[in-house]
Amino acid sequence: MAFDFSYHSLTKVVFGRDSENKVGKLIKEFGGSRVLIHYGGKSAVSSGLIDRIKNILDSEGIYHTELGGVVPNPHLGLVREGTELCKKEGIDFILAVGGGSVIDSAKAIGYSLGEPDKDVWELFLHERAPKACFPIGTVLTISAAGSETSASCVITNEETKEKRSCNSDMARPKFAVMNPVLTMTLPDYQTQSGCADIMMHTMERYFTNGGNMEITDSIAEGLLKTVIKNAKILHTDPENYEARAEVMWAGSLSHNGLTGLGTNGGDFMSHKLEHEMGGMFDVTHGAGLAAIWGSWARYVYKNCLDRFVKYAVRVMEVVPEENDEKTALKGIEAMEQFYRKIGMPTNMRELGIEPTDEEIEIMAKSCIRACGKPSGSAMVLDEKDFIEIYKNAR
Ligand code: NZQ
Ligand code: ZN
């Protein structure tokens with residue numbers, strides 16, 4: 001049975017080679033005249049992209065100022081700094097040039113400017129709901145988080161080590177400029193972490209005990225198989241434009257809601273579990289997901305057996321075994337083999353972290369606080385389940 005849904009994908013996508021040249025016109029189209037160019041550590045500067053964008057804005061007569069320094073698992077402190085800078089400069093549009101971390105930092109600045117008298121972190125603690133967000137545009141440099149079209153924003157409070165999300169259509173970017181060539185400078189580990197994250201955004205929506213629609217499943221399965229194929233290509237041929245393009249578009253479609261329509265909203269517990277690992281150990285998000293997924297899957301699969309069997313047969317192309325449980329387990333193993341093939345971890349040790357029992361308890365407590373209540377669709381999980389899943393993933 002399909003659930004009712006509403007679908008409103010608000011982001012204008014401009015896709016293809018040299019698409020960043022259109023950024024000035026796009027900003028004007030969405031009413032921007034004084035722009036903050038927001039970016040990360042160094043990649044967008046060293047590639048010359050930031051200088052090119054500044055020149056484009058100059059040629060369109062658009063005022064701009066800049067703030068770099070966004071780190072992966074972006075920090076609340078820089079969000080506060082960016083907010084003050086934007087107020088001082090009278091900024092009316094934020095242009096994020098980078099990946100999920102830069103885009104999320106831009107979204108949080110947007111929220112902060114939308115309600116300037118309030119503390120933005122309250123949104124991430126779910127103490128209040130957002131009422132306004134300044135407009136954001138994006139020039140994407142890594143295919144991964146899907147933040148360029150998503151409603152989601154994930155920020156880390158570096159003082160408390162809490163990584164928390166806030167979801168609202170208000171924060172969806174006005175436009176996403178997507179040139180696959182810009183992703184060719186990524187190290188393989190980042191490319192593959194991105195592919196793991198992209199797949200997980202659809203897998204989170206696939207492993208449900210809610211309603212499912214055949215059309216949604218077909219889109220999801222096609223997307224997952226496309227990413228599996230092209231992640232392997234990029235592992236050996238990182239400058240393959242076609243593969244970069246397939247993965248880039250899959251990244252947006254995977255997290256703009258399309259692959260979950262007609263379901264009950266999805267599971268998202270691998271993400272919740274990983275966000276705690278990111279908050280405590282600062283791991284790369286997609287790699288963290290790959291490291292926790294197998295443990296989560298083995299813990300819940302019996303409670304969501306038909307979906308795990310479908311995944312095994314249709315996505316991982318497993319030949320069915322004599323019973324469903326064996327088929328489902330073969331599918332999980334095939335997924336882990338794929339992770340190994342593209343250099344992704346399948347447990348925390350391979351990820352490079354070794355949490356103690358005490359650290360696991362802290363993550364589990366924080367995770368249930370972030371969830372608000374026992375959560376999940378493949379299986380409803382609470383704090384003691386989180387502890388088991390973390391321990392089984394060591
Ligand atoms: O800082 P620079 O020097 O740019 O380096 C970045 C960073 O180290 C580098 N990079 C990006 N583009 C590059 C490049 N290096 C070379 N060439 C390029 N073209 O890649 C590294 C990772 O960047 P980051 O933005 O952190 O990656 P990603 O897009 O994976 O974003 C991860 C963040 O997004 C959150 C994650 O939790 C994490 O904080 N997520 C956001 C979501 C959303 N808003 O919808 C959903 C996701 O589930 C996720 O939780
Ligand atoms: Zn993700």
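Six strands form an open sheet in this predicted model. Their order is β1-β8-β5-β4-β2-β3, and the pairing is parallel. Strands of a sheet pair through backbone hydrogen bonds. The edges are β1 (12-15) and β3 (63-67), each of which pairs on one side only. From one strand to the next, the twist averages 20°.

Start at the β1 edge. Four bridges join β1 to β8 (residues 175-178), and the two strands run parallel. Within this pairing, Val14 has Val177 in β8 as its bridge partner.

Next come the helices on the sheet. Helix α5 (residues 100-114) packs on the sheet and touches β2, β4 (93-98) and β5 (136-140). The direction of α5 makes about 165° with that of β4. Helix α4 lies across β2 (34-39) and β3, running at about 160° to β3.

Thr83 sits in α4, which spans residues 76-89. Its relative accessibility is 3%, so Thr83 counts as buried. Beyond its neighbours within four places in sequence, Thr83 is in contact with Ile109, Ser112 and Leu113.

Now turn to the metal site. Which residues hold the zinc ion (ligand 2) as protein donors? They are Asp197 through OD, and His201, His271 and His285 through NE2. These donors lie 2.0 to 2.2 Å from the zinc ion. Along the chain they follow the spacing D-x3-H-x69-H-x13-H. Asp197 in helix α7 (residues 188-206) and His271 in helix α10 (residues 269-281) are 74 residues apart, so this pair links distant parts of the chain. Asp197 counts as buried because its relative accessibility is 3%. At 8% relative accessibility, His271 also counts as buried.

Technical notes. Residues numbered from 1 in each chain as written. Chains lettered and ligands numbered in written order. Predicted model: local features only at pLDDT ≥ 70, side-chain atom pairs only at ≥ 80, totals over all residues. Heavy atoms only, no water. Donors = N, O, S within 2.8 Å, 3.2 Å for Na, K, Ca; no water. Buried < 20%, exposed > 50% of the residue type's maximum accessible area, 1.4 Å probe, protein only. Contact = heavy atoms within 4.5 Å. Pairing = 2+ DSSP bridges. Axes fitted to C-alpha atoms, helices over the stretch in contact; angles between N-to-C directions.
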